[in-house]
Amino acid sequence: MSKISATKHVPDFSYQFFHPKYWGIWLGLGLLRLLAFIPFKQKFTVGKLLGKIFYLIAGKRRRLAKANIDLCFPEKTEMERNQILKENFNSIGIALMEMTIVWWGDHKNNHKNAFERSIVSFTGVHNLEQAQQQGKGVLILSPHFTTLELSGLFISFLTNYYAVYRPHDNPFMDYLIAKGRSIQFDNGEHVEPISKNNTRQMLKVLRAGKTMAILPDQRYRAKGHIEVPFFGALSKSNPATSKLAKMTGCAVVPAFTRRLGDNHYEFEFLPALENFPSGDDYQDTLRLHHLYEEEIRRNPSQYLWVHNRWNLKDY
């Protein structure tokens, strides 16, 4: 297998970040840093409280999430959909607390014996191992649930891997997010996330037989998008998963994180997809959508409903 020559992807810190236009971000960062000191079990209580506050003040996002939930669960009663909505905002608040774990948790200095290893149970690890044994690279698919920040950390407890992320439009936020998601693995290797725009680096990683994780389920409006039903409604989607698999021969392994109660998580690896890619990007994407739908129906309150996946206009 070829060697990856560089893992430097995080943008450099710039003194321009001290400009007054970034002071609001510094304030938010300081508040997050303070929240990081809250004991683990209390993080869930505080997160739910934050979620309730977001529910009250984030009217536009609340209406969008409600419209998305209504679209996807027409068979449920209005009361049931409203309950999913409220629980979803609680989940978003908890996700903010989980971000403090990823950015400043025990694993940053003690990855091999990190406290965070005790809060997750893995299932289907053999599916990941079997895929890696093929030596052609592994692409882990982990959709946008509110547990997305911790998902990457949990994967790092099992294997070295490269995470793909969407660069933020604000350069300071981009720096903070990319730095926060960088990982020092047990063998001392320091790996930084790869921009989703850096296709060349993604191909290089997979062709070298490495493992990479990507979140492929959000709306994609750029050139090359295809419209494929998601919960029965057409959605602009990115066929990149099929293209990456076709160009590298990598195995594609879906994976899901579930928050269980207030102090534990389950991370499941499904078997690598057979006959993927099929040569038909539409059918491949539809197949992935069905996988995501099944998990979302199982765990609806933890999906990221505040994203405008279906390009809804009236909400």
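Helices here are DSSP runs of at least four residues, numbered from the N terminus. With that in mind, let us walk through this structure, which is a predicted model.

A good place to start is helix H1, which covers residues 23–35 and includes Leu34. Leu34 has a relative accessible area of 58%, and because anything over 50% counts as exposed, Leu34 is exposed. Leu34 also has company: together with Leu27, Leu31 and Phe37, Leu34 makes a nonpolar surface patch of about 480 Å².

Now let us turn inwards. In soluble globular proteins, nonpolar side chains tend to be buried together. In this model, the largest nonpolar core has 84 residues, and the members that touch the most others are Met212, Ile296 and Trp305. The element that gives the most to this core is helix H4 (residues 78–104), with 10 residues. To get a feeling for the core, you can look around Met212. Leaving aside neighbours within four places in sequence, Met212 is in contact with Val138, Leu139, Ile140, Tyr162, Val164, Ile194, Met202, Val205, Leu206 and Leu244.

Aromatic rings come next. The structure holds 30 aromatic pairs. One of them brings together Phe40 and Phe115, with ring centres 5.4 Å apart and planes at 75°; planes over 60 degrees apart count as edge-to-face, so this pair is edge-to-face. Phe40 lies in helix H2 (residues 40–57), while Phe115 lies in the loop between helix H5 (107–110) and strand S1 (120–123), so the pair links distant parts of the chain, 75 residues apart. How buried or exposed are the two partners, Phe40 and Phe115? Phe40 is buried, with a relative accessible area of 14%, whereas Phe115 is partly exposed at 41%.

A second edge-to-face pair joins Tyr161 and Phe185, whose ring centres are 6.2 Å apart and whose planes also meet at 75°. Tyr161 sits in the loop between helix H7 (148–156) and strand S3 (162–165), and Phe185 in the loop between strand S4 (183–184) and strand S5 (190–191), so this pair ties together parts that are 24 residues apart in sequence. Both Tyr161 and Phe185 are buried. Elsewhere you can find an aromatic cluster made of Phe13, Tyr15, Phe17, Phe18, Tyr22, Trp26, Phe172 and Tyr175.

Charged side chains tell another part of the story. Side chains of opposite charge can pair when their charged atoms come close. A search of the whole structure finds 13 salt bridges. In one of them, Arg81 pairs with Asp70, and their closest N and O atoms are 2.7 Å apart. This bridge links helix H4, where Arg81 lies, with helix H3 (residues 59–72), where Asp70 lies, the two residues being 11 apart. Arg81 has 12% relative accessibility and counts as buried, while Asp70, at 25%, is partly exposed.

Arg81 has another partner as well: Glu78 forms a salt bridge with Arg81, with the closest N and O atoms 2.9 Å apart. Here both residues belong to helix H4 and are three residues apart, about one turn of the helix. Glu78 counts as partly exposed, at 40% relative accessibility.

Further along the chain, Asp281 and Lys243 form a salt bridge whose closest N and O atoms are 3.0 Å apart. Asp281 is in helix H11 (residues 281–298) and Lys243 in helix H10 (residues 240–248), so that distant parts of the chain, 38 residues apart, are linked. Asp281 is partly exposed at 25% relative accessibility, and Lys243 is partly exposed at 40%. Arg258, Glu266, Glu268, Glu295 and Arg298 are joined into one network by salt bridges that share partners.

Finally, a look at the backbone. Most residues other than glycine have a negative phi, and most peptide bonds are trans. Against that background, a cis peptide bond joins Phe276 and Pro277, with omega about 5°. Pro277 is found in the loop between strand S11 (264–269) and H11. Asn275, in the loop between S11 and H11, has a positive phi near 50°. Asn275 counts as exposed, at 66% relative accessibility. Phe231 also has a positive phi, near 55°. Phe231 lies in the loop between strand S8 (226–230) and strand S9 (233–237), and at 9% relative accessibility Phe231 counts as buried.

Methods:
Residues are numbered from 1 along each chain as its sequence is written. This is a predicted model: local features need pLDDT of at least 70, side-chain atom pairs count only at pLDDT 80 or more; totals for chains, interfaces and linings use all residues. Side-chain values use heavy atoms; hydrogens and water are left out. Patches are made of residues with over 30% relative accessible area and no salt bridge: like charges are joined within 9 Å, nonpolar side chains (Val, Leu, Ile, Met, Phe, Trp, Tyr) within 5 Å. Accessible areas come from the Shrake-Rupley method with a 1.4 Å probe; for residues, only the protein chains shown count as cover. A salt bridge is a side-chain nitrogen of Lys or Arg within 4 Å of a carboxyl oxygen of Asp or Glu. Buried means under 20% relative accessible area, exposed over 50%, partly exposed in between (1.4 Å probe, protein chains only). A nonpolar core is a set of buried Ala, Val, Leu, Ile, Met, Phe, Trp, Tyr and Cys residues joined through side-chain atoms within 4.5 Å. Contact means heavy atoms within 4.5 Å. Rings of Phe, Tyr and Trp (its six-membered ring) pair if their centres lie within 6.5 Å; planes under 30 degrees apart count as stacked, over 60 as edge-to-face and the rest as tilted.
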